[in-house]
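User: I should like to go through the terms used for this structure and see the grounds for each. Please set every value against its criterion before drawing a conclusion.

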Amino acid sequence: MSDEDDLAALAPRLVSVEPDGDVAERIRRLGRDGVAYGPPLTRFVLPVVTAIVTGSYLVWAALKVIEAYR
Amino acid sequence: MEADERAWVDGLRRGDPAAFDRVFAAYRRRIFGYLVRMTRRRDVAEDLLQEAFLRLAQHGRRLEPTTRIAAWLFTVAHRLVVSWTRAQAVRNQLAGDMPWHETSSAASPRSPLEAVADSQTQLALERALAQLAPAYREVALLVGIEGLQPSDVAAITGHTPEAVRQRLSRARSQLAEMLGDHAPATWRPKQS
């Protein structure tokens, strides 16, 4: 028998383990929402807002540097 | 790829919540079993289970039609375990510098499943699995218990199939030694 077969013989002897019922239900509910509506809007909005704020600051800083050397 | 699984992938790609229900029902025990045996903590395993399935829900529409869900979920679960283990190592290192530090439950080789074992054989098996080094435990669980191919496990863990087979062989030898009389009757002593 191969190592795979030997170890497969252990599978039926393992303790059967389940997540807590409330936890499983919560995951199922969140998962259904995730599938139906896709990722939360904040996942797209936050990077865009961060990029706009960071970009504006960099432009402002560059203008200040240019202004100082004039 | 089975017809059921293809239908589930199609459903996830269409954003059908019923497809998620079916995948969750089919895989939650398997993924949870892997997570609880790798982390040795039920609470952490439940958190990681949630994270793994939420990632599936969020990536559902971007799955390839040929995606094999078991391999996909175990890959995510493996990465979550690696991240958690690294974070745990840092926490333990930091806590080790504190005078009030005590050994965390994660550092103990005891599995939470030992407490619910029905028989001496189950107890011995869960204890032996918990005592295996994580790298050996992982391949024993994925190939032996979950029935994945060594090539799939190689892709999941980022090792070569040959390295997976070596780990599998060592895991089997160590388990045989630890299980003693509790080892299955079909196991024969190996010549090494």
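Analyst: A residue is called buried if 20 or more other C-beta atoms lie within 10 Å of its own, and exposed if 12 or fewer do. The model to which this criterion is applied here is a predicted one.

User: What makes B:Asp181 buried or exposed?

Analyst: B:Asp181 has 7 other C-beta atoms within 10 Å. The limit for an exposed residue is 12 or fewer, so B:Asp181 is exposed. B:Asp181 is found in the segment after helix H8 (161-179) of chain B. From B:Asp181 to B:Ala71 the distance is 34 Å, C-alpha to C-alpha, with their positions 110 residues apart in sequence.

User: Does the criterion place A:Pro47 and B:Arg40 in one class or in opposite ones; that is, which is buried and which is exposed?

Analyst: A:Pro47 has 10 C-beta neighbours inside 10 Å and therefore counts as exposed. A:Pro47 belongs to helix H3 (residues 42-69) of chain A, and its C-alpha atom is separated by 35 Å from that of A:Gly21, 26 residues apart along the chain. B:Arg40 has 23 C-beta neighbours inside 10 Å, and because the threshold is 20 or more, B:Arg40 counts as buried. B:Arg40 is placed in the loop between H2 and helix H3 (42-59) of chain B.

User: What is noted about phi of B:Arg40?

Analyst: Phi of B:Arg40 is near 60°, which is a positive value in a residue other than glycine. Most residues other than glycine have a negative phi.

User: How is chain B built, in terms of helices and strands?

Analyst: Chain B has 8 helices and 0 strands, so that its elements read α-α-α-α-α-α-α-α from the N terminus on. Of its 192 residues, 37% count as buried. Among the contacts in chain B with a separation of 6 or more, 62% are between residues 24 or more positions apart.

User: Why is H4(B) called oblique to H7(B)?

Analyst: The axes of helix H4 (residues 69-96) and helix H7 (residues 150-157) of chain B come within 9 Å and cross at roughly 40°. Angles under 35 degrees count as roughly parallel and 65 to 115 as roughly perpendicular; roughly 40° meets neither criterion, which makes H4(B) oblique to H7(B). The crossing is right-handed. Contact is made by B:Ala71, B:Phe74, B:Thr75 and B:His78 of H4(B) with B:Asp152, B:Ala155, B:Ile156 and B:Thr157 of H7(B).

User: What makes H2(B) roughly antiparallel to H6(B)?

Analyst: The axes of H2(B) and helix H6 (residues 134-145) of chain B come within 10 Å and cross at roughly 165°. That angle is over 145, and H2(B) is therefore roughly antiparallel to H6(B). This crossing is right-handed. B:Tyr34, B:Arg37 and B:Met38 in H2(B) meet B:Pro134, B:Arg137, B:Glu138 and B:Leu141 in H6(B).

User: Why is H6(B) described as roughly perpendicular to H8(B)?

Analyst: H6(B) and H8(B) pack at an angle of about 95°, with their axes 8 Å apart. Because the angle falls in the range 65 to 115, H6(B) is roughly perpendicular to H8(B). The residues of H6(B) that meet H8(B) include B:Tyr136 and B:Ala140, and those of H8(B) include B:Leu168 and B:Ala171.

User: How do you know where the largest nonpolar core lies?

Analyst: The largest nonpolar core has 57 residues, of which B:Leu35, B:Ala52, B:Leu73, B:Ala77 and B:Ala140 touch the most other members. Domain 1 (1-102) and domain 2 (109-181) of chain B both give residues to this core, so it lies between them. B:Ala77 touches B:Ile31, B:Tyr34, B:Leu35, B:Leu48 and B:Ala52, residues up to four places away in sequence not being counted.

User: What separates the two domains of chain B, and how many residues does their contact take?

Analyst: The centres of domain 1 and domain 2 of chain B, taken over C-alpha atoms, are separated by 19 Å. Their contact takes 13 residues from domain 1 and 16 residues from domain 2. On the side of domain 1 that touches domain 2, helix H2 (17-39) and H4 of chain B each supply at least two residues.

User: Which element gives the most to the side of chain A that touches chain B?

Analyst: In this interface, 28 residues of chain A are in contact with 39 residues of chain B. Helix H1 (3-8) and helix H2 (21-37) of chain A are the elements giving two or more residues to the side of chain A, and H2(A) gives the most, with 10 residues.

Technical notes
Residues are numbered from 1 along each chain as its sequence is written. Chains are lettered from A and ligands numbered from 1 in the order in which they are written. This is a predicted model: local features need pLDDT of at least 70, side-chain atom pairs count only at pLDDT 80 or more; totals for chains, interfaces and linings use all residues. A nonpolar core is a set of buried Ala, Val, Leu, Ile, Met, Phe, Trp, Tyr and Cys residues joined through C-beta atoms within 7 Å. Domain bounds come from an automatic or database domain assignment. Two residues are in contact if their C-beta atoms, placed from the backbone, lie within 7 Å. Axes are lines fitted to C-alpha atoms, for helices over the stretch in contact, and angles run from 0 to 180 degrees between N-to-C directions. Helices (H or I, at least four residues) and strands (E, at least two) are DSSP runs, numbered from the N terminus. A crossing is left-handed if the near helix is turned anticlockwise from the far one by less than a right angle, and right-handed if clockwise.
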